[in-house]
Amino acid sequence: MSVLKRTAAVFALCSLFVVGSNANDELIKKGEKIFMTNTKGNCLACHAANGKTIDGPGNMGPKLENLALWPEEALFDKVFDPSTGNPVTSMPAFGRNGWLSPDEIKAVVAYLKTIN
């Protein structure tokens, strides 16, 4: 392979990585917005995460930490319908109830994966 072709191939791979990285960054931002918005996920009303909390009666749910270690499917399922893993949970079923679309839940999961 010529130097020119190799350079073009490396450039193409790097471009794919940057595009993929930018797309993932946008998904994370979208998920964080849903997490914080009281008319959408409103997760912050019950969960402290990444040093963010609210004042008042919120934070009744567990502090979210080390979620980067969780499989994405498990996080998706937990947001979609947490009662499948815990039938007495007080967490709403955001997906089953239609409050968040599967794409919105995927965005929330991308954000949750950033929580250490």
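So, what volume does the largest pocket have? Before I answer, keep in mind that this is a predicted model. Okay, the answer: the largest pocket comes out at about 570 Å³.

Who sits around it? The lining counts 26 residues, and the closest to the centre of the pocket are His 47, Pro 62, Leu 64, Lys 78 and Met 91. If you go by elements, H2 and helix H3, which covers 102-112, each give two or more residues to that lining. Which of the elements gives the most? That's H2, with 3 residues. And if you like to think in chemistry, the lining splits into 17 nonpolar, 7 polar and 2 charged residues.

Let me stay with His 47 for a moment, since we just met it among the residues closest to the pocket centre. Where along the chain is His 47 found? It's in the loop that runs between helix H1, residues 3-36, and helix H2, residues 72-80. Is His 47 buried or exposed? His 47 has a relative accessible area of 11%, so we call it buried, given that the cut-off for buried is under 20%. Its side chain also has a partner: it reaches the backbone oxygen of Pro 62 at 2.7 Å. Pro 62, you'll remember, is another of the residues closest to the centre of the pocket.

Now, the cysteines, because somebody always asks about disulfides, that is, covalent bonds between the sulfur atoms of two cysteines. How many disulfides does the count come to? The count is 0. Why no bond for Cys 43? Its closest cysteine sulfur belongs to Cys 46 and lies 8.6 Å away, so that's too far for a bond. For a disulfide, the two sulfurs would have to be within 2.5 Å. Looking from the other side, Cys 46 has the sulfur of Cys 43 as its closest one, at 8.6 Å, and again that's too far.

How do those two cysteines fare on accessibility? Cys 43 counts as buried because its relative accessibility is 15%. Cys 46, at 24%, counts as partly exposed.

One last residue, Glu 32, which lies in helix H1. Glu 32 is partly exposed, with a relative accessible area of 25%. What separates the C-alpha atoms of Glu 32 and Cys 43? The two residues are 11 apart along the chain, and their C-alpha atoms are separated by 9.6 Å.

That's it from me, happy to take questions.

Notes: Residues numbered from 1 in each chain as written. Predicted model: local features only at pLDDT ≥ 70, side-chain atom pairs only at ≥ 80, totals over all residues. Heavy atoms only, no water. Helix = DSSP H or I, 4+ residues; strand = E, 2+ residues; numbered from the N terminus. Buried < 20%, exposed > 50% of the residue type's maximum accessible area, 1.4 Å probe, protein only. Polar contact = N/O pair within 3.5 Å; in protein donor to acceptor, adjacent residues only side chain to side chain. 1 Å grid on protein atoms, 1.4 Å probe; cavity = no way out; pocket = protein on both sides within 12 Å on 5 of 7 lines; lining within 4 Å. Points joined across faces, edges and corners; volume = space filled by probe spheres on them. Nonpolar A, V, L, I, M, F, W, Y, C, P; charged D, E, K, R; others polar.
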